[in-house]
Amino acid sequence: MPLAQRSGDSSEARYCGAEVGFSDDIQNALAFALGGQFDFIVAPLTDPEYRPSEGKAGPPPFAGSDLVLSPSQWSSHVVGKMSAWIDLDSPDAVARQDAELTLKQELSWATHLSLQACLLPTPRPLECGNYARCVNQMLQGLSNLQLWLRIPLVAPELQSVEGTAEEDVAFLKRDPVSGKPLNDSWEWWNMFRSLCEHHSQLSVALDITASLPSPGSLKRWTGEPLRAAIVHTSAFLTNKRGYPCLSKRHQNFITSLFSHNVQIIVSGESMHHVDGIDPTTASSESSANGSDDGLFPKHPLKPYLEYIAYLYRRMDPPTEQERFEIGYRDFLQAPLQPLMDNLEAQTYETFEKDSTKYTQYQKAVFAALMDRVPDDETTVVLMVVGAGRGPLVRASLQAAKQAGRRLRVYAVEKNPNAVVTLHSLIKLEGWEDLVTVVSCDMREWNAPEQADILVSELLGSFGDNELSPECLDGAQRFLKPDGISIPSSYTSYIGPITASKLYNDVKSYNDLAHFETAYVVKLHSVSRLAPPQEVFTFEHPKFTGGKVDNRRYKKLLFELPEDTGSALVHGFGGYFDAVLYKDVHLGIEPSTATPNMFSWFAIFFPLRRPVYVPAGSALELHFWRCVGPSKVWYEWAVTSPDVSPVHNANGRSYWVGL
C-alpha cells in the first residue's frame with residue numbers, strides 16, 4: 001500500500017519495495033512482502049548458483065513459471081534483479097561468456113514476464129566497456145523495460161576506510177589510464193551511460209549505506225535519471241525506544257528523493273529486533289511511525305518501512321503553486337512569440353491568475369505616483385503598452401486609488417481579440433472616462449500626448465527573449481523626457497545544469513534544430529552546478545539621441561564548488577530579475593526569486609553534446625544576443641574544459657521575429 005495519501009500527490013515515490021533473496025517460490029515471497037505492506041519486491045530471476053558453462057541440460061533455473069503470478073502481478077509488484085555475480089569485464093573469458101549469456105537470458109525472461117524494470121549489477125570502477133556494450137546492444141531491442149544500474153552512493157573502498165588515515169589516500173586514488181577519480185562512483189555511472197549513448201531507458205538505482213558523500217557530490221544526482229534508492233538496514237541508527245531511524249543528513253536526502261519521483265527499496269537483514277520490546281511501547285511506537293494495526297510487525301523489515309512512511313507523511317503537502325506546476329516539471333515548451341503571434345484566451349487566463357506579479361506592479365505604480373505627483377490635483381498620463389486583457393490596467397487604477405492620484409490611462413494592445421475583452425472590461429467596471437483603448441502595435445502608434453509613466457509586461461523567461469528591448473525602444477518616444485518606465489531595468493542570468501531528462505527529450509527529436517532551440521521549462525529534476533551569473537542588462541528609458549544597439553556579447557567563467565567532484569553539463573538554465581521601480585522588483589533568478597509567482601519558468605539552452613567538467617575545472621561559456629532586420633536570436637558555445645560548436649549560428653534553428 002502507498003506510504004501515505006497526500007493531497008495532490010500521485011507520484012511513484014509513494015510506493016516502497018523490499019529487496020529479497022532468491023526463492024523458487026516467488027509467489028510466497030511476494031505475498032509475504034505485500035503482507036508486510038511493501039508495494040513490490042526486487043527479486044532475483046535466476047538461481048545464483050547457475051552458470052551456463054557447467055553444461056546442465058534444460059532451461060535456466062528461473063524463480064518459478066510465469067504462471068505462478070498473474071501478468072498484472074509481475075508487472076506491478078516485481079522488479080527483476082539480474083544475477084549479482086555477472087561480471088562482463090572479468091579477465092576470465094569463460095566468466096565473461098557466462099555473464100553475457102545469463103544477462104541476455106534474464107532480460108529475455110523479464111521481457112516475457114512484462115516486468116517494468118530490472119536491476120543491473122554494479123559495474124567495475126571505470127572498467128565497464130564490455131558490460132556497457134552488451135547492455136547497449138540489449139537496449140536497442142527493448143520495448144518498455146527500464147534498466148536500473150546499481151551504483152553505490154559511496155564507493156565500497158571509501159566506506160571501508162572512512163575515518164581512518166587511509167581515507168585521503170583512497171579518495172585521491174586515480175585511474176591509471178583516464179586519470180579520473182577511481183572511488184567517485186558518479187564517474188562509474190557517467191562512463192557507463194556515455195557508452196550507452198545516454199539511452200532514455202537506462203537509469204540509476206543508488207545504494208545508500210551509513211556513509212554519505214559531501215553535499216555538493218550528493219546534489220549531482222538530482223539531475224541524473226534516478227529511479228530508485230536502495231536503503232540498506234545498516235544505514236539506520238537506533239532511537240531510544242529501540243526502533244530504526246536515520247541521521248538528519250539521511251533524512252534530508254531521502255525526503256528530497258521523494259519530491260523527485262524516486263522509489264525507496266529497503267535492503268538487508270533486520271538489525272533492529274523490536275519484538276522484545278514491551279507490547280504497549282511497541283504499539284505506541286508503531287502508531288507514531290505509521291503502522292495502522294498497533295501490533296508487532298511480522299515482516300522483519302517492516303519497522304524500516306514504517307520509518308520511511310513516517311518521513312513521507314512528514315513532508316508538507318504540495319502548495320497551490322506546486323500543484324499548478326507539477327504538470328509542467330521538466331516539460332519542454334517553445335517560448336512565446338508575442339510579436340509574431342496573438343496569444344490565446346487560455347494563455348491570458350493562466351498569466352492573469354498570477355496575483356503576485358500584479359501585486360508587484362501595483363506597488364511599483366503606487367511608488368512612482370507618490371514620487372512624481374505631490375498632490376491629487378494633477379492628472380497623470382499612464383500608458384500600458386501590451387495591455388492584454390487588462391490586468392495591468394486594473395493594477396494601475398488600483399494603485400492610483402490607493403495613492404489618491406488622478407489617472408488617465410491609454411491601453412495599447414495589438415491583439416484584436418484581446419481588445420474585445422478590454423472594451424468589455426472597461427464597460428463592466430465603468431472606466432470609460434479613465435481608460436482609452438488603442439488597438440495598434442505600440443511601435444506604429446502615434447500617441448496624442450506624452451506619458452508620465454509607461455507600464456509594460458513584455459518580459460520573457462530570459463528577460464529580453466520576448467523582445468522587450470526592441471518594443472520599449474520603439475515606445476519610449478511616448479514618454480516625457482523625465483518620464484518613468486516600469487520596469488526600469490532587467491537582467492538575464494545563466495548557469496550550467498545537469499539535466500539528463502531534458503537532454504534526452506531534446507535528443508529524441510533526432511535533429512540539429514532542437515539542440516539549437518531555447519525552451520521554457522519548469523526546471524525540477526536538474527542539478528544547478530554553479531550559481532547563475534549576470535548576462536545582459538537593459539535599462540529604460542534610454543534616450544541616446546540615436547538608434548539603440550541591442551546586440552550583446554558576454555563571456556562567463558563558472559567555478560564548480562570544490563566538493564561537487566566531476567559533473568556533466570547538459571545545457572544552461574536561464575533566468576531574469578527585473579527592477580520595476582526603485583526597490584520593487586520581480587524575477588525568477590533562484591537566489592532572489594519572487595515567491596509564489598508562476599508567470600515565468602526558466603529557459604533551457606541545450607548543448608548538442610554534453611560537456612564533462614573534471615573536478616576542480618572551470619567552465620567557460622560564450623553567449624551572444626544577435627539582431628537582424630527581421631529577427632533576434634541567441635548563439636552560445638563552450639570553450640573550456642572542452643570546445644563545443646557555436647550553437648544556432650545566424651539564427652538558423654531558433655529566432656524571435658520582430
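How far apart do the C-alpha centres of domain 2 and domain 3 lie? In this predicted model, the C-alpha centres of these two domains lie 31 Å apart, and the legends below begin with the place where domain 2 and domain 3 touch.

**View 1. The chain is divided into three assigned domains, two of which are shown here in contact.** The domain assignment places domain 1 at residues 12-315, domain 2 at residues 345-457 and domain 3 at residues 489-657. Where domain 2 meets domain 3, 13 residues of domain 2 are in contact with 13 residues of domain 3. The size of an interface is often given as the accessible area lost when the parts come together. Domain 2 and domain 3 bury about 1100 Å² between them, and 66% of this area is on carbon and sulfur atoms. On the side of domain 2, Asp 354, Thr 356 and Gln 360 supply 39% of the area buried against domain 3, which is more than any other three residues supply.

**View 2. Polar and charged groups link domain 2 to domain 3 across their interface.** The rule finds 1 salt bridge across the interface of domain 2 and domain 3, and the side chains of Asp 371 and Lys 582 meet in a salt bridge with an N to O distance of 2.7 Å. Across this interface there are also 7 residue pairs in polar contact, with both residues of each pair at pLDDT 80 or more. The elements that give two or more residues to the side of domain 2 touching domain 3 are helix H13 (345-352) and helix H14 (355-372), and H14 gives the most, with 9 residues. The residues on this side of domain 2 divide into 5 nonpolar, 3 polar and 5 charged.

**View 3. An open sheet is formed by 4 strands with antiparallel pairing.** The strands follow the order E20-E24-E25-E26, and the edge strands, each of which pairs on one side only, are strand E20 (552-559) and strand E26 (656-657). Strand E24 (residues 618-627) and strand E25 (residues 631-640) run antiparallel and are joined by 8 bridges. As an example for a reader who wishes to follow the pairing residue by residue, the bridge partner of Arg 625 is Tyr 634 in E25.

**View 4. A salt bridge joins Glu 19 to Arg 150.** The count for the model comes to 26 salt bridges by the rule used, and in the one shown here the closest N and O atoms of Glu 19 and Arg 150 are 2.8 Å apart. Glu 19 lies in strand E1 (residues 16-19) and Arg 150 lies in strand E5 (residues 146-152), so this pair ties together parts that are 131 residues apart in sequence.

**View 5. Cis peptide bonds precede Pro 487 and Pro 541.** A cis peptide bond joins Ile 486 and Pro 487, with omega at about 10°, and Pro 487 is placed in the loop between strand E15 (479-486) and strand E16 (489-498). Another cis peptide bond joins His 540 and Pro 541, with omega at about -5°, and Pro 541 is found in the loop between strand E19 (533-539) and E20.

**View 6. Asp 330 has a positive phi although it is not a glycine.** The phi of Asp 330 is about 55°, and this residue is placed in the loop between helix H12 (320-325) and H13.

Conventions. Residues are numbered from 1 along each chain as its sequence is written. This is a predicted model: local features need pLDDT of at least 70, side-chain atom pairs count only at pLDDT 80 or more; totals for chains, interfaces and linings use all residues. Side-chain values use heavy atoms; hydrogens and water are left out. Domain bounds come from an automatic or database domain assignment. Contact means heavy atoms within 4.5 Å. Buried area is the accessible area (1.4 Å probe) that two parts lose on being put together, summed over both. A salt bridge is a side-chain nitrogen of Lys or Arg within 4 Å of a carboxyl oxygen of Asp or Glu. A polar contact is a pair of N or O atoms within 3.5 Å; within protein, one must be able to donate a hydrogen and the other to accept it, and residues adjacent in sequence count only if both atoms are side-chain atoms. Ala, Val, Leu, Ile, Met, Phe, Trp, Tyr, Cys and Pro count as nonpolar, Asp, Glu, Lys and Arg as charged, and the others, Gly among them, as polar. Two strands pair if DSSP finds at least two bridges between them.
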